[in-house]
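The exercises below ask the reader to work through helix packing and internal space in a single structure, with a solution after each task. Please try each task on the structure before reading on.

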Amino acid sequence: MSIAAKLSGGGALVVALIVGIAYWTYSAFDRVRTDTALSQRAAQVASTTQELQARFMSVAYANLAIATTGSVEDLKRFEAMSARDRERSLALIDRAIATSTRPDRQAALRDAREMMQRYSELTERGITARRHFLTASEQDYRSARLLLAQEISTAVGMTETDSPSGAAIRAYERAMRTAVDMAAIFLSTGADGDAATAGQAVAALSDPAIALDQLAVTVPKLRDVTAIHAAFAKALQEVIASRQVNDRIWFGEARPLRLVMQDQLTAIAEAAQAYSTELADDAVLTTDVAVRGTLTIIVALVALVVIINGALYRMIATPVVRLTGVMRASSH
């Protein structure tokens, strides 16, 4: 090979090695950059989901207060709180979906969003049911009960205990108090068994009420009692029915859905955090490998350049020395 070919080949080899090192190093650090970016986005998803959990717990607290509140004023206050936090929760879910890069995580978040919308619909139904119950219990039933108690007291005071009308009004009074007591127990516990007992107590008022109606012909005061009886019985039945609707929505439908959502949000947050940690660890490992590999290749390249230079020196310098010696000998 000619000297020019040897010089060109050595230079080309060095350039090829340098280009290879540059490409390998770029690929390694590009992977680090990608892993770091994905790790940051996964961490954002985890952080957003954790914030969403806290916001959703605030919704659950407000809804629990709505399901058990005893006044319209408190209902309005907690209703506003629930609506605000539900809106923010949906915004957080949308942000997490937009941030997430993994299809499985996005699918899980979309499922959570659908459940949140379903939970929001149940909340609106529950608020309506609670408002109806409060109206039925605080206005209709309470007013009818107080008015009926007043009329019964007046009728009792106007009748003799041993008279037919006196015995009838007192029998009705006992049945009415039993119905009120059974209703109070149901409103305290919300149990289905207590609801059935209260319903039976209301039904048991029918016979005493019929007896009063028959005696009202001779005792006009009993007409006032029988006139209010229908409104009282209807109001009491409405209270029981509206409370059952309230409990069915809040504790039979909304509560199980809320628990499922909480479990899913927890799983998403934990998975996103684990993925973020995994990517961060991989980025650190890739960086270490890239640094060690680059240093090793640089040392090898320096050694190779030294060897090539030595070989080129021998290939070029030896013929020149011989030529110079021949020329000197010829000159003498």
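**Exercise 1.** At roughly what angle do the axes of helix 4 and helix 5 cross, and within what distance do they come?

*Solution.* The coordinates come from a predicted model, and the helices concerned are helix 4, residues 164-189, and helix 5, residues 192-203. Their axes come within 8 Å and cross at roughly 160°. Since angles over 145 degrees count as roughly antiparallel, this crossing makes helix 4 roughly antiparallel to helix 5. As for handedness, helix 4 passes helix 5 in a left-handed crossing. The residues that meet are T178, A179, M182, A183, I185, F186 and T189 on the side of helix 4, and D194, A195, T197, A198, A201 and V202 on the side of helix 5. Sorted by class, this contact consists of nine nonpolar, three polar and one charged residues.

**Exercise 2.** Determine how the axes of helix 4 and helix 6 are arranged, and then list the residues that form the contact between these two helices.

*Solution.* Begin with the geometry: helix 6 spans residues 206-215, and its axis and that of helix 4 come within 9 Å, crossing at roughly 150°. That angle makes helix 4 roughly antiparallel to helix 6, and the crossing of the two is left-handed. Turning to the contact, helix 4 contributes P164, S165, A168, I169, A171, Y172 and A175, while helix 6 contributes P208, A209, L212 and L215. A count by class gives 10 nonpolar residues, one polar residue and no charged residues for the contact of helix 4 with helix 6.

**Exercise 3.** Find how many cavities of 30 Å³ or more the whole structure holds, and describe the lining of the largest cavity by residue, helix and class.

*Solution.* A search of the whole structure returns one cavity of 30 Å³ or more, and the space in the largest cavity amounts to about 50 Å³. Its lining is made up of R41, A42, V45, T99, S100, T101, R102, R105, A272 and Y275. When these residues are assigned to helices, helix 1 (3-68) and helix 7 (221-331) are each found to supply at least two of them, and helix 1 gives the most, with three residues. The final step is the classification, in which the lining of the largest cavity divides into four nonpolar, three polar and three charged residues.

Technical notes
Residues numbered from 1 in each chain as written. Predicted model: local features only at pLDDT ≥ 70, side-chain atom pairs only at ≥ 80, totals over all residues. Heavy atoms only, no water. 1 Å grid on protein atoms, 1.4 Å probe; cavity = no way out; pocket = protein on both sides within 12 Å on 5 of 7 lines; lining within 4 Å. Points joined across faces, edges and corners; volume = space filled by probe spheres on them. Helix = DSSP H or I, 4+ residues; strand = E, 2+ residues; numbered from the N terminus. Nonpolar A, V, L, I, M, F, W, Y, C, P; charged D, E, K, R; others polar. Axes fitted to C-alpha atoms, helices over the stretch in contact; angles between N-to-C directions. Parallel < 35°, antiparallel > 145°, perpendicular 65-115°, else oblique. Left-handed = near helix turned anticlockwise from the far one by under 90°. Contact = heavy atoms within 4.5 Å.
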